[in-house]
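Q: I have a sequence and a structure in front of me, and I would like to learn how to read them together. Could we take the features one by one?

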Amino acid sequence: MSRDFLQTQPGYVSTALHQSIAPDAKFMLVNIAVWESAEAFKAASAKMMQTAGIAPVDGLKFTPGLYTVIVTD
């Protein structure tokens, strides 16, 4: 699993996997990861794609992106 690899990388803080409750959602699973910096995320993602040897899972597509929290409870 990608989380198992990523949590060993410098700058990793945490992850939370979310599953849609709507059966027709565009994204059924969304994994939100917290990183110390964008640079740490980019380095870890690049390293995972090059060296982790994680077998693809049918129906899942890895689409990393960076976001900023703009509102919290």
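The dialogue below moves from the overall layout to single residues.

Q: What kind of model is this, and how many helices and strands does the chain have?

A: This is a predicted model, and a good place to begin is with the secondary structure elements and their order. The chain holds two helices and two strands, and when the sequence is read along its length these elements follow the pattern α-β-β-α.

Q: How should I describe the overall extent of the chain, and what share of its residues is buried?

A: One may take a box along the principal axes for the extent, and then ask how the residues divide by accessibility. Here the C-alpha atoms fill a box of roughly 35 × 35 × 15 Å, and buried residues make up 15% of the 73 residues in the chain. The accessible surface comes to about 6,200 Å², with 58% of it belonging to carbon and sulfur atoms.

Q: What share of the contacts joins residues that are 24 or more positions apart?

A: Among the contacts in the chain with a separation of 6 or more, residues 24 or more positions apart account for 41%. Alanine 40 and tyrosine 12 give a concrete pair to look at, since they can be compared in sequence and in space: they are 28 residues apart in sequence and 7.5 Å apart from C-alpha to C-alpha.

Q: Which residues make up the largest nonpolar core?

A: The general idea is that nonpolar side chains tend to be buried together in soluble globular proteins. In this chain the largest nonpolar core has eight residues, namely Phe5, Leu6, Tyr12, Trp35, Ala40, Phe41, Ala44 and Met48. Helix 1 and helix 2 (38-51) each supply at least two residues of this core, and the largest share, four residues, comes from helix 2.

Q: What do alanine 44 and alanine 40 touch, once neighbours within four places in sequence are left aside?

A: Alanine 44 is in contact with Phe5, Leu6, Gln9 and Trp35 when those neighbours are set aside. Alanine 40, which is placed in helix 2, is in contact with Pro10, Gly11 and Trp35 on the same basis of leaving aside neighbours within four places. Why does alanine 40 count as buried? Its relative accessible area is 14%, and the cut-off for buried is under 20%.

Q: Where is glutamine 9, and is it buried or exposed?

A: Glutamine 9 is placed in the loop between helix 1 (2-6) and strand 1 (12-19), and at 10% relative accessibility it counts as buried. Leaving aside neighbours within four places in sequence, glutamine 9 is in contact with Trp35, Ala44 and Lys47.

Q: Is serine 45 buried or exposed, and what does it touch?

A: Serine 45 lies in helix 2 and is buried, with a relative accessible area of 8%. Not counting residues up to four places away in sequence, serine 45 touches Leu6, Phe62 and Pro64.

Q: How should I read a strand residue such as valine 30?

A: It helps to take its element, its accessibility and its contacts in turn. Valine 30 lies in strand 2 (residues 29-35), and with a relative accessible area of 35% it is partly exposed. Valine 30 and leucine 17 are 13 residues apart in sequence and 5.8 Å apart in space, C-alpha to C-alpha. With neighbours within four places in sequence left aside, valine 30 is in contact with Ala16, Leu17 and His18.

Q: Where is glutamate 36 found, and is it buried or exposed?

A: Glutamate 36 is found in the loop between strand 2 and helix 2, and it is exposed, with a relative accessible area of 64%. Leaving aside its neighbours within four places in sequence, glutamate 36 is in contact with Gly11 and Val13; the C-alpha atoms of glutamate 36 and valine 13 are 6.7 Å apart, although the two are 23 residues apart in sequence.

Q: What can be said of the charges, and how many salt bridges are counted?

A: One can compare the mean positions of the opposite charges, and then look for individual pairs. The mean positions of the 5 positive and 6 negative charges of the chain are 8 Å apart, and the count comes to one salt bridge. Aspartate 4 forms a salt bridge with arginine 3, in which the closest N and O atoms are 2.7 Å apart. Aspartate 4 counts as partly exposed at 35% relative accessibility, and arginine 3 counts as partly exposed at 30%.

Key. Residues are numbered from 1 along each chain as its sequence is written. This is a predicted model: local features need pLDDT of at least 70, side-chain atom pairs count only at pLDDT 80 or more; totals for chains, interfaces and linings use all residues. Side-chain values use heavy atoms; hydrogens and water are left out. Buried means under 20% relative accessible area, exposed over 50%, partly exposed in between (1.4 Å probe, protein chains only). Contact means heavy atoms within 4.5 Å. Accessible areas come from the Shrake-Rupley method with a 1.4 Å probe; for residues, only the protein chains shown count as cover. Lys and Arg count as positive and Asp and Glu as negative; His and the chain ends are not counted. The place of a charge is taken as NZ of Lys, CZ of Arg, CG of Asp or CD of Glu. A salt bridge is a side-chain nitrogen of Lys or Arg within 4 Å of a carboxyl oxygen of Asp or Glu. A nonpolar core is a set of buried Ala, Val, Leu, Ile, Met, Phe, Trp, Tyr and Cys residues joined through side-chain atoms within 4.5 Å.
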